[in-house]
Every structure is written in structure tokens, then in C-alpha cells.
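Hi there,

Here is the structure I promised to pass on to you. Have a look at it first, and then read my notes underneath.

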Amino acid sequence: MDIKAKVEECVKKITSDEELLAKFKKDPTGTVKDLTGVEIPEDQLKTVTDGIQAKINLDNVSGGIGKLFGKK
């Protein structure tokens, strides 16, 4: 499984849907399982979930920093 590709795919879906983002914040593992639709081994599931959380947090931080410098 290409974990990086799964992370990117899930991030795109999660960040484009407020309801899905709220669900992910409450239950990251369950949300990832629902999004992928495949049975992912627990060790890979944790890696995918951690990657998604890191990417979402990084996007939020960089967006906030951009606003400080007048970028939208």
C-alpha cells in the first residue's frame, strides 16, 4: 500500500468537508477506515492516521502564518 498516496487522498477528502473533519477529530481511526474502504493493518492504519493529522495540522499552521503576512 502506498501510504503517502492514502494520506494525501484522505487529507483532500477530510479538509474539503467540514462534517468529515469534525468526525475525523472525534474518531480519526474510524474515519480513516470508512474513507479507505479497505482493511488496513493496525500498524499501517496508525501511520496513515498520524500522517493525516500531521498534514492537516501543518496546513492549518501554514494558513495561519500566511494570514499574518497578508496572504489569503
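Lys6, Glu9 and Lys13 are joined in a network of salt bridges. Please keep in mind that this is a predicted model. Within that network, the side chains of Glu9 and Lys6 meet at 3.7 Å, N to O. The two residues are three apart in helix 1 (residues 3-15), so about one helical turn separates them. Glu9 is partly exposed, at 31% relative accessibility, whereas Lys6 is buried, at 17%.

Side chains of opposite charge can pair when their charged atoms come close. In the whole structure, the search finds five salt bridges. One of them joins Asp34 and Lys23, at 2.7 Å from N to O. This pair links distant parts of the chain, with Asp34 in helix 3 and Lys23 in helix 2, eleven residues apart. Asp34 is exposed, with a relative accessible area of 53%, while Lys23 is partly exposed, at 36%.

How do helix 2 and helix 3 pack? Their axes are 5 Å apart and make an angle of about 130°, so the two helices are oblique to each other. Leu20, Lys23, Phe24, Lys25 and Lys26 of helix 2 make the contact with Pro28, Thr31, Val32, Asp34 and Leu35 of helix 3. Of these residues, five are nonpolar, one is polar and four are charged.

Finally, look at Thr36, which is also in helix 3. Thr36 is buried, with a relative accessible area of 10%, and touches Lys6 and Cys10, leaving aside residues up to four places away in sequence. A polar atom of the Thr36 side chain lies 3.3 Å from the backbone oxygen of Lys33.

Enjoy exploring!

Technical notes: Residues are numbered from 1 along each chain as its sequence is written. This is a predicted model: local features need pLDDT of at least 70, side-chain atom pairs count only at pLDDT 80 or more; totals for chains, interfaces and linings use all residues. Side-chain values use heavy atoms; hydrogens and water are left out. Axes are lines fitted to C-alpha atoms, for helices over the stretch in contact, and angles run from 0 to 180 degrees between N-to-C directions. Helices (H or I, at least four residues) and strands (E, at least two) are DSSP runs, numbered from the N terminus. Angles under 35 degrees count as roughly parallel, over 145 as roughly antiparallel, 65 to 115 as roughly perpendicular and the rest as oblique. Contact means heavy atoms within 4.5 Å. Ala, Val, Leu, Ile, Met, Phe, Trp, Tyr, Cys and Pro count as nonpolar, Asp, Glu, Lys and Arg as charged, and the others, Gly among them, as polar. Buried means under 20% relative accessible area, exposed over 50%, partly exposed in between (1.4 Å probe, protein chains only). A polar contact is a pair of N or O atoms within 3.5 Å; within protein, one must be able to donate a hydrogen and the other to accept it, and residues adjacent in sequence count only if both atoms are side-chain atoms. A salt bridge is a side-chain nitrogen of Lys or Arg within 4 Å of a carboxyl oxygen of Asp or Glu.
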